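Student: Please take one part of this chain and go through it closely. I should like the overall picture first, and some other places along the chain for comparison afterwards.

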Amino acid sequence: MTTQETVKIRRALVSVYDKAGLEELARGLHEAGVAIVSTGSTAGRIRAAGVPVTEVAELTGFPECLDGRVKTLHPRVHAGILADRRLPEHVSQLEELGIEPFDLVVSNLYPFTQTVASGAAPDECVEQIDIGGPSMVRAAAKNHPSVAIVVNPARYADVLAAVASTEGGFSLDQRKRLAAEAFAHTAAYDAAVASWFAKDYAPADDSPFPEFLAMPYVRSSVLRYGENPHQGAALYLAQHSAGTLAEAEQLHGKEMSFNNYVDSDAALRAAYDFDEPCVAIMKHANPCGIAVSAVDVADAHRKAHACDPVSAFGGVIAVNRPVSVEMARQVAEVFTEVLIAPEYEEGAVEILAARKNIRLLRTPARARRHVEYRQICGGLLVQQGDLYQAPGDATEAWQLAAGPAASAEVLADLAFAWHAVRAVKSNAILLASGQASVGVGMGQVNRVDSARLAVARAGERAAGSVVASDAYFPFADGLQVLIDAGVRAVVQPGGSVRDADSIAAAEAAGVTMYLTGTRHFAH
């Protein structure tokens with residue numbers, strides 16, 4: 001046999017935990033003249049389907065034992081899988097030992113991740129660590145020049161097509177791809193087991209960050225390009241990504257781009273993290289406007305759009321409630337790249353789809369990431385997500401540092417601003433009024449410029465607004481820009497060695513200032 005030959009499938013070893021499609025596979029193999037060897041419950045299902053099957057125990061002459069822990073770990077099984085039939089000495093050894101080779105192995109593994117996710121006791125989780133399955137899969141994948149390995153029931157149709165073809169099996173290129181899938185399958189499985197040991201079962205220390213970190217990702221799509229047309233890019237899916245942005249259902253529009261995903265992720269975080277109906281409009285991962293409304297999402301959208309209508313052109317919108325027909329009509333009036341929502345009311349999609357370039361996504365999941373990852377050259381930074389739950393985030397914990405105590409209305413605007421400023425890249429200044437942003441200054445290298453930018457965007461709306469700063473004012477100059485624009489209340493973390501200067505400036509102007517003791521940088 002040469003490496004380029006199609007291996008005709010005459011004998012198959014089938015041992016699967018996931019028995020979806022098993023009966024159809026077994027019948028198709030039998031009809032094609034393939035002899036089937038199988039294990040315990042898998043053999044039982046095949047036999048019940050009326051298909052002849054030889055149990056592994058008959059093959060090995062040794063019964064399954066230890067509650068099924070030992071069944072396929074035997075030379076008569078693994079020699080039949082691992083014999084490289086390109087080598088005459090391997091073929092002759094099989095003949096001398098009276099061992100028949102396998103041409104196909106079909107196997108999938110115990111449900112370890114599902115068992116862990118169910119909250120099962122540690123002993124039950126350990127029991128779901130497969131031993132024989134990965135051994136068979138890896139053996140067959142290693143010996144792909146002689147054996148085809150199938151780990152995914154979705155491939156069963158390919159198996160039946162192969163055995164029914166003139167060649168009667170898979171080509172070498174096909175066997176290589178099947179082997180690649182098999183090694184990815186066992187690698188993800190081993191990563192899940194190792195991660196559970198490192199994080200939950202046997203952690204090295206009390207740190208919330210495990211000593212070992214493994215995150216299997218599978219390519220979902222190749223994107224048109226990355227941040228710029230000369231950069232290639234792709235989207236990869238993490239395990240358990242259903243219901244997230246990465247697997248959002250696209251209802252309309254052309255395919256998502258790299259930048260669309262980045263902006264959409266920022267928009268989801270901004271909007272979905274509010275409990276009230278909220279709309280966030282993002283551009284280059286920064287908000288053009290954020291607003292909540294006690295009325296409806298159309299009202300929230302109007303207020304968010306009014307913050308910076310110029311920048312909202314070509315933006316990405318996220319809303320944490322179903323898109324109403326009224327909101328759809330408003331959005332359709334302005335060029336929008338992406339609209340993301342948990343649902344769309346009847347008629348809303350049809351209105352929006354009249355704009356052929358808008359992408360409509362549906363994803364129900366809240367964008368609360370409890371752990372965040374960022375790649376650096378040669379490493380990975382991991383941190384706990386900045387959820388709106390720090391000690392200084394509740395208004396009851398704020399310290400009144402200057403001016404009169406805020407009224408209930410002003411305090412509500414301050415609380416909104418403090419919540420919304422977390423979505424703004426630092427240095428971040430957000431002016432708000434009526435539960436909506438009216439001016440945003442972001443991403444500047446000093447806080448004075450951010451204050452000036454926020455005031456400039458707010459214009460006349462700055463007078464009487466409130467302001468949130470994601471970090472302290474290192475000098476009074478940035479605060480003075482806001483005071484001169486007419487803000488009436490400020491919320492900021494405090495903690496500068498010159499806090500007294502800022503407090504004095506606010507006091508002199510009669511401006512209310514609260515200190516939270518909590519910072520919300522977003523780099």
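Tutor: The chain averages a pLDDT of 90, and 96% of the residues score at least 70; pLDDT is the predictor's confidence in each residue, from 0 to 100. This is a predicted model, in which local features need pLDDT of at least 70 and side-chain atom pairs count only at pLDDT 80 or more, while totals for chains, interfaces and linings use all residues. Residues are numbered from 1 along each chain as its sequence is written, and side-chain values use heavy atoms, with hydrogens and water left out.

The chain has 19 helices and 23 strands; these are DSSP runs numbered from the N terminus, helices being H or I of at least four residues and strands E of at least two. Its radius of gyration is 31 Å, well over the 24 Å that the globule rule gives for 523 residues, so the chain is more spread out than a compact globule. That radius is taken over C-alpha atoms, and the rule is 2.2 Å times the number of residues to the power 0.38. Along the principal axes, the C-alpha atoms fill a box of roughly 100 × 55 × 40 Å.

Of the 523 residues, 47% count as buried (buried is under 20% relative accessible area, exposed over 50%, partly exposed in between, with a 1.4 Å probe and protein chains only). Among contacts with a separation of 6 or more, 56% join residues 24 or more positions apart, a contact being heavy atoms within 4.5 Å.

The part to examine is helix α18, which spans residues 476-485. Its buried residues are Gly478, Leu479, Val481, Leu482, Ile483 and Ala485. These residues pack against a set of elements drawn from both sides of the helix in sequence: β19, α17 (447-458) and β21 (466-469), together with β22 (489-492), α19 (499-509) and β23 (512-515). Just after α18, Gly486 takes a positive phi of about 100°.

One of those packing partners, β19 (residues 429-432), deserves a word of its own. Mean confidence is highest in this strand, at 97, whereas helix α3 (residues 56-60) has the lowest, at 72. The loop between α16 (408-420) and β19 holds Asn427, and a cis peptide bond, with omega about 0°, joins Ser426 to Asn427. On the other side, Gln435 lies in the loop between β19 and β20 (437-441). Gln435 has a phi near 65°, a positive value in a residue other than glycine, and is partly exposed at a relative accessible area of 22%. As background, most residues other than glycine have a negative phi, and most peptide bonds are trans.

Ala285 offers a parallel to Gln435. Its phi is also near 65°, and its place is the loop between β11 (278-283) and β12 (286-292). At 12% relative accessibility, however, Ala285 counts as buried.

A second helix, α14 (residues 325-332), can be set beside α18. Here Met327, Ala328, Gln330, Val331 and Ala332 are buried. What covers them includes the helices α12 (297-307) and α15 (348-353), as well as the strands β11, β13 (315-319) and β14 (336-341).

Single residues show the range of surroundings. Ala182, in helix α10 (residues 172-201), is buried at 0% relative accessibility. Beyond its neighbours within four places in sequence, Ala182 is in contact with Val137, Ala141, Ile149 and Val151. Ala397 sits in the loop between β17 (379-384) and β18 (399-402) and is partly exposed at 41%. With the same neighbours within four places set aside, Ala397 touches Pro391 and Gly392. The C-alpha atoms of Ala397 and Tyr344, 53 residues apart along the chain, are separated by 38 Å. Glu211, in the loop between α10 and β8 (217-222), is exposed, with a relative accessible area of 72%. From Glu211 to Thr186, 25 residues away in sequence, the C-alpha to C-alpha distance is 21 Å.

To close with the surface and charge of the chain: the accessible surface comes to about 24500 Å², of which 53% belongs to carbon and sulfur atoms; areas come from the Shrake-Rupley method with a 1.4 Å probe. The mean positions of the 45 positive and 61 negative charges are 5 Å apart. Lys and Arg count as positive and Asp and Glu as negative, without His or the chain ends, and each charge is placed at NZ of Lys, CZ of Arg, CG of Asp or CD of Glu.
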